[in-house]
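Morning, everyone, and thanks for coming. I have one structure to walk you through today, so let me put it on the screen.

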Amino acid sequence: MTTAPVRETRSSVILHAAIDRGAETTECRVRNLSATGACVDNLMRLTKGETIHVIMGTLPRLTAQVMWANDRLAGLHFDRTIDLAAARQHRARTDQAPSP
């Protein structure tokens with residue numbers, strides 16, 4: 001019998017991250033966050049098993065795998081444990097025009 005991996009404690013958040021799948025990058029809302037993953041709005045129609053990059057807070061670019069997805073949300077698993085405080089730091093959104 002295989003045991004499920006231990007899930008990290010999640011925190012409900014309202015953050016923005018950029019999801020990069022190579023040909024397109026889209027801003028999305030992060031709904032919950034843990035040191036090993038996140039739940040995000042699925043604006044890009046991400047699919048289970050897809051590998052993407054996440055730009056969030058002041059963290060270096062993250063690689064993540066889509067663990068599950070539906071029409072509204074997607075669950076991501078990061079390739080490494082992240083610093084939650086750095087993930088919550090402000091970053092300029094990619095869809096905002098620069099200030100004059």
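Of the contacts in this protein that join residues at least 6 apart in sequence, 49% link residues at least 24 apart. Please keep in mind as we go that this is a predicted model.

You can follow the elements along the chain: there are 6 strands and 1 helix, and the order in sequence is β-β-β-β-β-β-α. The protein has 100 residues, and 39% of them are buried. The accessible surface comes to about 6300 Å², with carbon and sulfur atoms contributing 51% of that area.

Now let's zoom in on one residue, D41. Where does D41 lie? It is in strand 3, which covers residues 37-41. Is D41 buried or exposed? D41 has a relative accessible area of 14%, and because the cut-off for buried is under 20%, D41 counts as buried.

Which residues does D41 touch, once we leave aside neighbours within four places in sequence? The answer is C28, R29, R31, R72 and L73. R72 is a nice one to look at on the screen: R72 and D41 are 31 residues apart along the chain, yet their C-alpha atoms are separated by 6.0 Å.

D41 also takes us to the next topic, the cavity. The structure holds 1 cavity of 30 Å³ or more, and the volume of the largest cavity is about 30 Å³. D41 is part of its lining, together with I19, T26, C28, L43, M44 and L46. By type, that lining divides into 5 nonpolar residues, 1 polar and 1 charged. If you sort the names yourselves, D41 is the charged one, since Asp counts as charged.

C28 has now come up twice, as a contact of D41 and in the cavity lining, so let me finish with the cysteines. How many disulfides does a search of the whole structure find? It finds 0. Why does C28 not form one? The closest cysteine sulfur to that of C28 is in C39, and at 9.6 Å it is too far for a bond. A disulfide needs the two sulfur atoms within 2.5 Å. From the other side, C39 has C28 as its closest cysteine sulfur, again at 9.6 Å. Both cysteines are buried, C28 with a relative accessible area of 4% and C39 with 8%.

That's my tour, and I'm happy to rotate the view for anyone who wants another look.

Methods: Residues numbered from 1 in each chain as written. Predicted model: local features only at pLDDT ≥ 70, side-chain atom pairs only at ≥ 80, totals over all residues. Heavy atoms only, no water. 1 Å grid on protein atoms, 1.4 Å probe; cavity = no way out; pocket = protein on both sides within 12 Å on 5 of 7 lines; lining within 4 Å. Points joined across faces, edges and corners; volume = space filled by probe spheres on them. Buried < 20%, exposed > 50% of the residue type's maximum accessible area, 1.4 Å probe, protein only. Helix = DSSP H or I, 4+ residues; strand = E, 2+ residues; numbered from the N terminus. Contact = heavy atoms within 4.5 Å. Areas by Shrake-Rupley, 256 points an atom, 1.4 Å probe, with all protein chains shown as cover.
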